[in-house]
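The following account leads the reader through selected features of one protein model. It proceeds from a single loop residue to strands, sheets and helices.

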Amino acid sequence: MNKYEKESRLLHGGDYNPDQWLKHPNILADDITLMQKAHINAVSVGIFAWSALEPIEGQFNFTWLDKIMDDMAKISVNVLLATPTGARPAWMSQKYPEVLRTNARREKMLHGGRHNHCFTSPVYREKTAIINEKLAERYKDHPALFMWHISNEYNGECHCPLCQQAFRIWLQNKYRDITTLNDTYWSTFWSHTYNDFSQIESPSPIGETGIHALNLDWRRFVSHQTIDFYKNEISPLRKLTPHVPVTTNFMGRFPGPHPFDGLDYAKFAKEVDIISWDSYPAWHNDYETTEFLASKLAFLNDYFRTLKDKPFLILESTPSLVNWHPINRAKRPGMHMLSSMACLAHGADSIMYFQFRKSRGSSEKLHGAVVDHDNSAENRVFKDVADVGQALERLKNIKGAATPAKVAVLFDLENHWALADAQGFTNNDKKYPRDVHAHYKAFWDKSIAVDVVTKDKDLTKYQLVVAPMLYVMDAKLIADLAAYVHQGGRLVSTYMMATADENDLVYPGTPQALRDVFGINILETDTLYPSHRNGFALGGKEYTTMDYCAVIETCGADVLAAYNQDFYKDTPALTKNTHGKGCAWFLAARTNADFLTDFYAPIIAELGLTIPPITSPPGVSVQMRENNSGKYFFVLNYTEEQQVITLAHPMEDMLTGQTIPQGKSVMNPYETRILM
C-alpha cells in the first residue's frame, strides 16, 4: 500500500510556487501559517521550477527545495513533487535549439511560453531524465513526498524533422508497406499516391490537409509520442521510487468544439496511477444557466472517473476567478463550496487550486488564488477556501467511495477528430460533444448516475448504453455493440451512425451487423440550415428536429415516430428493434432536450434505474457515492432561488451534524448538503 492509499484525508491544497518567493523569506514563513488556517494538507511543488533547480547546465540547487519539503513535513502537508519539464530554462533553448518546437507551417519557435518543446528530441529527453533522476534520488525517502506530479497539462505538437521521421517510423510499423497505406488513405484522389514513406509529411496549412486518414493518424501519433515522452519522464521515478504513485493533470474543456485538446486520454490513462484533471468552468456567465453549466462539469467528472473506474483528483481549480476566460468573473458567495462539492459528488477525492499564492508579475498575476496580493486570511476568498477545507475534513469517510452507474454514454475522441475534419454535413461545429452531453443530461436531470465511457470499455455491466452520432465505427466497436444487445443490453444510437470506418473510409451502406441490431438501413442524411426545422409526433406530443435528419428505411424495426415534413415525410424518425435478448432504438434526427427527457423516461422506469430517496425540483441535483460505511447523497442547489426538496426518510447532514427530518426541506440558493 502506497502513501496515497494510506492517506485517510481528502486532499485540499494546490500549486505552490515558493521558487517565485525565494528573495522574500517573510512570505515563505507566512505561507506556513496561512496553509494551516486554510486547512491545506497537500501542495504541488516545483511545476515550473527548472531554472531554480538547475540555473546553469549541470549545476543543481536543491537547498531551497530541501527547506520547503522539511517545512511541509512539519505541518503534515503532503507534497506532490512535480517534474519541472513543462517549461525549460533559457540556457537549454540557447544551447540546444532542437528542443524547441516547430509549428505546422514549419516555423521554429523561439524560447518562451510553456510546453514549447519537442517530445521527440533526444536532448530534451536526456535533460528530462537527468533532472528527474536527481529529484528521485534526493527525495525518495523524504516523509513529505506523497506523489509525483508529472510535468503539467501536456498538450501541443511539433512538426520538426525529428518528429517527421518518428511519424514515418510510426506509420511503417502500423501499415508495413506503402501500398497498404495508400489503399487506406485513398490517396489516388487528387493523385496523392505515395511511392515511399519518406514522402509523407505531417498535415500542414502549406501542404497536405485533405487526406483525412492522414490527419487522423497524425493525431494518433501526437498522442502516442506525448505518452512515450511521459514514459521517458517517469522511468527514473519508477526505478527509484516504486512506492510513490504518479499522476499528470489532464485538461477538461467543457463540451464544445474542442473538449480534450487533442490527446487521447483513454490511452494516456493506462500509464498513470491516479487520474487527475484541471477544472475551470465559467460560473455566472450570461449565456447559460448555472444548472446547465453544472451538468457539463458533471459530464467531465464522470468522463475522467470512468477512465480508470475509480475516484480521481481535481488537481487545479480556482477559489475565485481565472484570468484567461473572455470575461473573468468572480465566484458568488456559496459557489466555491457548491462547485467543490459538485466534483466530490461525481468521484473526486480532492479539491486543489491553481495556485496557493498569487504571483506578483507575469501572465497569471491576476489569476485567482488561495492567498491574494493582500496576504490576508480575512478576505472572502480565503474564508471560502478554509470553509471547503473544513468540509473536506468532515467528509473524509467518503474518500475512495464508488459511484455506481448502470447507464453508459459513449464518447469517442477519434470520432470527434474525424467529424471535426469531415468536409460535409455542417462545415463548422457539428456539435458532437454537445450532442453526447445532451443525452447525458437527460439522466443527470433525474439524478441517475452515468458513466461516460470510451469505446474500449466493457459494456456488459450496463443496463443501457447510449452512443450518439458515431460517425466513425471500427469493426470491433460494431461487434461489441451487437454482442451487447444480443446478450440482453439496451442500446440507443442516432443519425450519422457508422458512416465511416476507423480510417474515415466511408462504408458502402449501413454495415450488416448494425442493420441486424437496429432493423434499419440509412439511406441519406439531410443537413438543415439553422433556421430550418422538421418534426415528428410521439405519444400525442409534437417534437421539433433540427440540424440533421437521417432518411432511413426499416428492415424489421418497429416505427415509433415518422417525420411530418419535406420529401421524407412519413418515413421513420424513431425506431425500435428487438435483437437477441435485447433491443435497440435509432433516433434519426437531432431534437431539443424536451424529446430526450420524454424519450428516456419510460426506459428509465422499465429498467428500474435507481433514483435517490430525495425528491428535488429542476436545478437541484442529487448524486450518490457509496462504500462499506454507507451511501452519501450530495444535494446541490444550482439555482439562484430557494428550492424545496423532499426526503423519504430522515438523514444526517454530514456538513452540520444535524438530522434532517423526513419530508420537505428548504434549500437556499447555491446551498450544498451531503446527507448520509
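Tyr670 lies in the loop that connects strand E27 (663–667) with E28. The model in which this residue is placed is a predicted one. Most residues other than glycine have a negative phi, and most peptide bonds are trans. Tyr670 is not a glycine, yet its phi is positive, at about 60°. Its relative accessible area is 10%, and because buried means under 20%, Tyr670 counts as buried.

The strand that follows this loop, E28, belongs to an open sheet of three strands, arranged in the order E22-E23-E28 with antiparallel pairing. Strand E22 (620–627) and strand E28 (672–675) are at the edges; each has a single partner strand, so one side of each is left without a neighbour in the sheet. On average, and with direction ignored, neighbouring strands of this sheet are turned by 15° against each other. Between E22 and strand E23 (residues 630–637) there are eight bridges, and the two strands run antiparallel. Within this pairing, Gln623 has Phe634 of E23 as its bridge partner.

A second open sheet contains seven strands in the order E11-E10-E12-E13-E19-E18-E17, and its pairing is mixed. Here the edges are formed by strand E11 (450–453) and strand E17 (558–562), each of which pairs on one side only. Neighbouring strands of this sheet are turned against each other by 15° on average, direction ignored. At the E17 edge, four bridges connect E17 with strand E18 (residues 572–579) in an antiparallel arrangement. Asp558 stands opposite Lys576 of E18.

Attention now turns to the strands numbered from the N terminus. Strand E1 (residues 11–16) and E2 run parallel and are joined by four bridges; Gly14 has Val43 of E2 as its bridge partner. Between these two strands the chain passes through helix H2 (residues 25–37), and the resulting β-α-β crossover is right-handed. E2 also pairs with strand E3 (residues 78–82), again in the parallel sense and over four bridges. Val43 recurs in this second pairing, where its bridge partner in E3 is Val79. What covers the two faces of strand E2 (residues 42–45), and are its residues buried or exposed? Both faces are covered, with Ala42 and Ser44 buried on one side and Val43 and Val45 buried on the other.

The helices can be followed through their packing. Two packed helices are described by the angle between their axes and the distance between the axes. Helix H4 (residues 63–74) packs against helix H6 (residues 122–139) at an angle of about 45°, and their axes are 12 Å apart. H4 is therefore oblique to H6, and the crossing of the two is right-handed. H6 also meets H9: their axes come within 8 Å and cross at roughly 30°. Because angles under 35 degrees count as roughly parallel, H6 is roughly parallel to H9. The crossing of H6 and H9 is likewise right-handed.

The loop between helix H8 (178–185) and helix H9 (212–240) contains Gly210. With a relative accessible area of 33%, Gly210 is partly exposed. Gly210 and Ala475 are 265 residues apart along the chain, and their C-alpha atoms are separated by 24 Å.

Helix H11 (residues 290–308) offers a check on helix length. At 1.5 Å a residue, its 19 residues should span 27 Å; the C-alpha atoms at its ends are 28 Å apart, which agrees. Of these 19 residues, 17 are buried, so H11 is largely enclosed by the rest of the structure. H11 is followed by Asp309, which has a positive phi, near 55°.

Two further loops deserve inspection of their backbone. Ser151 is located in the loop between strand E4 (145–149) and helix H7 (161–175). Although Ser151 is not a glycine, its phi is positive, about 50°. Its relative accessibility is 0%, so Ser151 counts as buried. In the loop between strand E9 (350–353) and helix H13 (380–394) lies Gln355. The peptide bond leading from Phe354 to Gln355 is cis, and its omega is near -5°.

How values were computed: Residues are numbered from 1 along each chain as its sequence is written. This is a predicted model: local features need pLDDT of at least 70, side-chain atom pairs count only at pLDDT 80 or more; totals for chains, interfaces and linings use all residues. Side-chain values use heavy atoms; hydrogens and water are left out. Buried means under 20% relative accessible area, exposed over 50%, partly exposed in between (1.4 Å probe, protein chains only). Two strands pair if DSSP finds at least two bridges between them. A crossover is right-handed if, with the strands pointing away from the viewer, the path from the first strand over the helix to the second runs clockwise. The expected span of a helix is 1.5 Å times one less than its number of residues. Axes are lines fitted to C-alpha atoms, for helices over the stretch in contact, and angles run from 0 to 180 degrees between N-to-C directions. Angles under 35 degrees count as roughly parallel, over 145 as roughly antiparallel, 65 to 115 as roughly perpendicular and the rest as oblique. A crossing is left-handed if the near helix is turned anticlockwise from the far one by less than a right angle, and right-handed if clockwise.
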